[in-house]
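Here is a short briefing for a reader new to this structure. Please look over the sequence and the model before reading on.

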Amino acid sequence: MSKDKLNINIKPLGVLDLLTFKKLVPYRKKKIVEAPANPVKETPPVNVLAHRLHPQRQYMTVSEIVEETAAARTYRLVPDKDSETFELAQFRPGQYLSFSFNIEGSTVTRPYSISSSPEEALKGFYEITVKQNEGGYVSNFIFKNWKPGTAVISSGPQGYFYHERLRDSSKVIGIAGGCGITPFRSMAKSIAEGALDISLTLFYGSNTINEIIFLKEFEELERASKGRLKVVHVLSEEKAEGIEYGFITGDLIRKHADLNGSSVFICGPQVMYQFLRKEIGSLGLRKKDVRWELFGEIKNVDKVTGYPMEKADGSFMMFVHMDGSTQRIPASAGESLLTALERAGMNPPSACRSGACGFCRSLLISGDVFIPEDEDGRRLADKKFGYIHPCSSFPVSDLEIIIPRAR
Ligand code: FES
């Protein structure tokens with residue numbers, strides 16, 4: 001068939017491209033033959049830079065502790081001068097660090113949002129703000145053990161709860177509950193410092209006035225941001241002058257913020273999300289304009305829609321293949337596989353503990369797990385081929401899994 005009949009318009013430059021491409025394969029083969037057989041001794045500069053920008057581990061010490069409320073403390077962290085961490089990795093306001101703790105012989109991780117600004121990281125410190133929860137395994141450990149000089153280990157900055165100009169509006173509505181205020185403190189500081197070019201209307205729900213974290217500081221940040229930050233406090237358990245009373249409802253959001261063309265960022269405890277899903281739904285926003293930050297492992301999984309209640313009190317056995325060995329460990333129905341693994345003294349990889357980042361991705365060989373829909377961040381291919389995220393998977397039978405090498 002002739003070229004005319006096929007109606008192909010081959011331009012002279014296109015032919016040249018094809019010729020170049022034809023030469024590419026023999027050129028590569030020649031280069032491979034000529035290359036030295038010994039491994040390159042020096043780390044390529046691009047790898048050095050990548051490690052600096054995205055370190056797997058950061059070694060720091062606690063330099064200062066500030067009591068924010070009776071149950072919340074801010075910890076300032078600086079590079080540990082006796083370690084390989086000589087500077088802190090940069091981050092976007094809203095990102096988190098995953099900290100490793102050795103508690104009673106088990107290594108566990110917890111994600112904490114960075115509550116300071118990227119500009120402060122350039123000055124040499126991060127801050128995280130921790131709220132002590134009743135029965136909180138790790139928050140109690142931090143309150144008891146972290147003192148000035150304590151050495152701590154974290155990941156590099158992680159997560160996607162940050163403003164992205166290509167995706168989000170420059171008009172942002174923030175909704176925070178309890179310690180969910182921490183990523184917004186980082187954003188508010190960045191706005192006041194002139195580094196984050198957005199306007200933020202922030203709704204912050206607390207139980208009582210004494211439980212509001214950063215009350216005075218946010219007043220100062222509002223002044224410093226020259227109208228680009230507005231904070232609306234909402235108290236649910238007491239009334240106070242000039243402060244809204246009740247819960248953060250759709251009507252309250254409409255009263256104080258212009259929804260038109262806004263992006264909404266939400267960060268708070270699990271119980272707040274259950275309430276807010278209905279309220280946010282009533283605002284008629286597009287799904288892509290609402291960003292829900294992760295809140296860690298699901299508590300009370302038996303309250304989640306779709307949970308098989310007949311399994312709620314079950315105890316199961318897990319056969320776990322990791323790092324070339326196999327262990328048999330018990331797992332209770334109400335705890336995630338990740339928690340069971342850590343309790344057994346294993347050190348599986350993890351970061352977000354919310355089913356989103358994929359760090360803990362493992363292969364389920366046999367058995368069944370319950371995965372809450374809101375925390376199922378697996379790719380479609382992973383679902384098809386039996387991969388699970390142990391941080392958001394709850395056992396409902398005996399099972400066998402393969403965990404990739406610890407990172
Ligand atoms: S730790 Fe992030 S998906 Fe499990």
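Which residue forms a salt bridge with E127? The partner is R185, and the closest N and O atoms of the pair are 2.8 Å apart. The model is predicted. The points below start with the domains, move to the contact between two of them, and end with salt bridges and one helix.

**Domains**

- The protein chain is divided into domain 1 (55–154), domain 2 (171–292) and domain 3 (306–403).
- Between the C-alpha centres of domain 1 and domain 2 the distance is 24 Å.

**Where domain 1 meets domain 2**

- On one side 19 residues of domain 1 take part, in contact with 17 residues of domain 2.
- About 1300 Å² is buried between domain 1 and domain 2, and carbon and sulfur atoms give 55% of that area.
- P93, S115 and K131 supply 32% of the area that domain 1 buries against domain 2. That is more than any other three residues supply.
- Two salt bridges are counted between domain 1 and domain 2.
- Six residue pairs are in polar contact between domain 1 and domain 2, with both residues at pLDDT 80 or more.
- Four elements give two or more residues to the side of domain 1 that touches domain 2: β1 (58–69), β2 (72–79), α4 (118–122) and β5 (126–131).
- β5 gives the largest share of that side, four residues.
- By type, the residues of this side of domain 1 divide into six nonpolar, eight polar and five charged.

**Salt bridges across the structure**

- Side chains of opposite charge can pair when their charged atoms come close.
- The count comes to 28 salt bridges.
- D168 and R291 form one of them, with their closest N and O atoms 3.4 Å apart. D168 lies in the loop between β6 (151–154) and β7 (171–177), and R291 lies in strand β12 (residues 290–292), so the pair ties together parts that are 123 residues apart in sequence.
- Are these two partners buried or exposed? D168 is buried, with a relative accessible area of 7%. R291 also counts as buried, at 13% relative accessibility.
- E342 and R353 form another salt bridge, and their closest N and O atoms are 2.9 Å apart. E342 sits in helix α10 (residues 337–343) and R353 in the loop between α10 and β15 (362–366), so the pair ties together parts that are 11 residues apart in sequence. Both E342 and R353 are buried.
- One network joins E64, R76, E120, E127, R185, K189 and E217 through salt bridges that share partners.

**R185 and helix α6**

- R185 also meets E217 in a salt bridge between side chains, at 3.2 Å from N to O.
- R185 lies in helix α6 (residues 182–192) and E217 in helix α7 (residues 215–224), so this pair ties together parts that are 32 residues apart in sequence.
- R185 is buried, with a relative accessible area of 5%.
- Why is α6 largely enclosed by the rest of the structure? The reason is that 10 of the 11 residues of α6 are buried.
- The buried residues of α6 include F184, R185, M187, K189 and I191.
- G194, just after α6, takes a positive phi of about 85°.

Notes. Residues numbered from 1 in each chain as written. Predicted model: local features only at pLDDT ≥ 70, side-chain atom pairs only at ≥ 80, totals over all residues. Heavy atoms only, no water. Domains from an automatic or database assignment. Contact = heavy atoms within 4.5 Å. Buried area = accessible area lost by both parts, 1.4 Å probe. Salt bridge = Lys/Arg side-chain N within 4 Å of Asp/Glu carboxyl O. Polar contact = N/O pair within 3.5 Å; in protein donor to acceptor, adjacent residues only side chain to side chain. Nonpolar A, V, L, I, M, F, W, Y, C, P; charged D, E, K, R; others polar. Buried < 20%, exposed > 50% of the residue type's maximum accessible area, 1.4 Å probe, protein only.
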